[in-house]
Amino acid sequence: GAGLTLWDAFWAAFIGFGIILAYMCFVAMEATDTGLPTSAMSTAALGRKGGRYIISIILGVSLIGWFGVQAAVCGSSFSLMVGKLGLDVSPQICSIVLGALMLVTAILGFDGVKWVNYIAAPLLFIICAYGLFASLSNTGMGTLTSYVPKESMGLVAGINIAVGFFAVGGATVGDFTRYARDRKGAVLSSIIGIWPPMVILLMMGAMLSVVKPESGGDISQIMASMGLAGAALIALVLSTWSVNVGNAYSAGLAFAVIADKGDKGYRVSTIAGILGIMLAVAGIMDYFQMFLTVLSAMIPALAGSMIADYWFVRKARPQNFKPLDGFSVPGLVSFIVGSIVALITGGTFASVPALAFLDHPFFLGPVNGIVVSIVLYVAVYKLMKLPSFDGPILLTRKGQ
């Protein structure tokens, strides 16, 4: 928000989440057709071992990163909160202590967390809306409409970041839409449930960063500068806490799959939470933009392999769904090459001097990656003369 004009911020959010929905809907419909979660669906495109290891590693590493981000925000907020009470505790110490408590909550299980989220998330939204309204009452809309960033990140970079915010969620939507009644329900729930609310939330954050320039774009500082600073920071701590319990739990499950420990093996994967805490202390927020850009490059390419397999090879027919043993060459090649293309063309290496020679911006990284992944998967599959399936692509199913 601080790095773009108001209109560019809107278009970055609108286009970014539009890209997510473009592949999200196809994954959602496949899950509805097959009744399978994402990890099981991926075995057709990546192979049984590929689905098991690649998906689990990507999800696990992504969730560790998100755990670190949330722990850092929570620690910073708590440090500011106790600072107002006259206690000087560094954000790093707060991140360690609160991150450890989040991890313990995830390992031992605490049903009350979902109730905390029911309260904290709406409260945080209300406080942000109040803070924005109160700020604009003093500064006027002209503050937003006339805002020009001192150092613009550019619209393309903004789009890439927006994709990174929900890239993983878009690829794993099948975990939820497999319960949908039909394709139409899966698509509508994805569009209505993601596009409008996420654009609104990102725009709210963008506007707050503009009307609160002293915050430097730091959500904790923005919360602290509001009239309801105490309540705002408490809501932020509780919200990040409830979200991070889910991150730690899911990361544990992802690594438990690799270790063949089953659904109950997540407790042995506490290392995921520990690594997340270490990232928070090491300053992952300083690299947050790069983290999101990497996600926006790799996850769409992965979804591209799955879409190519089900829709173009298996003609979108559940009866053709058959996981390959071991690792799938078309899946691996298309995913790896698609990810590399997205990384190179999406500006990922622009902020890394040693790798600047790999930075060749072109169009939109996530779009480039998913297109290359789809085309390459079909081409390699046919070159290897793997099993083919007759008939046209089943675009609609009876009653759907």
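Cys74 is buried, its relative accessible area being 0%. The structure described here is a predicted model. This report considers the cysteines, one threonine and two helix pairs.

**Cysteines**

A disulfide is a covalent bond that joins the sulfur atoms of two cysteines. Cys74 takes part in no disulfide; the nearest cysteine sulfur belongs to Cys94 and lies 8.6 Å away. Because a disulfide requires the two sulfur atoms to be within 2.5 Å, that pair does not qualify. By this rule the model has zero disulfides. Cys25 is also buried, with a relative accessible area of 11%.

**Thr38**

Thr38 belongs to helix α2, which covers residues 38-46. The threonine is buried. The table sets its value beside those of the two cysteines.

| Residue | Relative accessible area | Class |
|---|---|---|
| Cys25 | 11% | buried |
| Thr38 | 4% | buried |
| Cys74 | 0% | buried |

When neighbours within four places in sequence are left aside, Thr38 is in contact with Ala171, Thr172, Val173, Gly174, Asp175 and Met306. Among these partners, Ala171 also appears in the α7 side of the contact between α1 and α7.

**Helices α1 and α7**

The packing of two helices is described by the angle between their axes and the distance between those axes. Helix α1 spans residues 6-34 and helix α7 spans residues 155-171; their axes come within 8 Å and cross at roughly 35 degrees. The crossing of α1 past α7 is right-handed. On the α1 side, the contact is made by Asp8, Trp11, Ala12, Ala13, Ile15, Gly16, Phe17, Ile19, Ile20, Tyr23, Met24 and Val27. The α7 side supplies Leu155, Gly158, Ile159, Ala162, Val163, Phe165, Phe166, Ala167, Gly169, Gly170 and Ala171. Sorted by class, this contact has 18 nonpolar, four polar and one charged residues.

**Helices α14 and α15**

Helix α14 (residues 329-345) packs with helix α15 (residues 365-383) at an angle of about 155 degrees, and the axes are 7 Å apart. The angle therefore makes α14 roughly antiparallel to α15. As with the previous pair, handedness can be assigned: α14 passes α15 in a right-handed crossing. From α14, the residues that meet the partner helix are Val329, Pro330, Gly331, Val333, Ser334, Phe335, Val337, Gly338, Val341, Ala342 and Thr345. From α15, they are Gly365, Asn368, Gly369, Val372, Ser373, Leu376, Tyr377, Val380 and Tyr381. The residues of this contact comprise twelve nonpolar, eight polar and no charged.

Note on methods. Residues numbered from 1 in each chain as written. Predicted model: local features only at pLDDT ≥ 70, side-chain atom pairs only at ≥ 80, totals over all residues. Heavy atoms only, no water. Axes fitted to C-alpha atoms, helices over the stretch in contact; angles between N-to-C directions. Helix = DSSP H or I, 4+ residues; strand = E, 2+ residues; numbered from the N terminus. Left-handed = near helix turned anticlockwise from the far one by under 90°. Contact = heavy atoms within 4.5 Å. Nonpolar A, V, L, I, M, F, W, Y, C, P; charged D, E, K, R; others polar. Parallel < 35°, antiparallel > 145°, perpendicular 65-115°, else oblique. Buried < 20%, exposed > 50% of the residue type's maximum accessible area, 1.4 Å probe, protein only.
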